[in-house]
Amino acid sequence: MPALRIEVDDVVVATVSTAGMTMIDVRLASRRTAAPRACLDVGGATSANVP
């Protein structure tokens, strides 16, 4: 199974299947001074326009 694994400081925080996806978007934002300390957004899509 094709997949995208996301690690932060050598800790796996997410594994997302990429089967059938033509586009993947990953955003990781963090800050040290206030909660929540980190936010992870992962999205994927298919597009008929991508060969």
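Val 26 sits in strand 3 of what is a predicted model. With a relative accessibility of 37%, Val 26 falls into the partly exposed class, because that class covers the range between under 20%, which is buried, and over 50%, which is exposed.

Val 26 also belongs to a nonpolar patch on the surface, together with Val 8, Val 11, Val 13, Met 21, Ile 24, Leu 28, Leu 40 and Val 42. Taken together, these side chains put about 660 Å² of accessible area on show. Three elements each give two or more residues to the patch: strand 2 (11-17), strand 3 (23-30) and strand 4 (38-45). Strand 3, the home of Val 26, supplies the largest share, with 3 residues.

Zooming out, the fold is a strands-only affair, with 0 helices and 4 strands, and the order from the N terminus reads β-β-β-β. The radius of gyration comes out at 14 Å, well over the 10 Å that the globule rule gives for 51 residues, so the protein is more spread out than a compact globule. Along the principal axes, the C-alpha atoms fill a box of roughly 45 × 20 × 10 Å.

As for burial, just 6% of the 51 residues count as buried. The accessible surface adds up to about 4,300 Å², and carbon and sulfur atoms account for 53% of that area. Turning to contacts, among those between residues at least 6 apart in sequence, 20% link residues at least 24 apart.

Note on methods:
Residues numbered from 1 in each chain as written. Predicted model: local features only at pLDDT ≥ 70, side-chain atom pairs only at ≥ 80, totals over all residues. Heavy atoms only, no water. Patch = residues over 30% accessible without salt bridge, like charges linked within 9 Å, V, L, I, M, F, W, Y side chains within 5 Å. Areas by Shrake-Rupley, 256 points an atom, 1.4 Å probe, with all protein chains shown as cover. Salt bridge = Lys/Arg side-chain N within 4 Å of Asp/Glu carboxyl O. Buried < 20%, exposed > 50% of the residue type's maximum accessible area, 1.4 Å probe, protein only. Rg over C-alpha atoms; globule rule 2.2 N^0.38 Å. Contact = heavy atoms within 4.5 Å.
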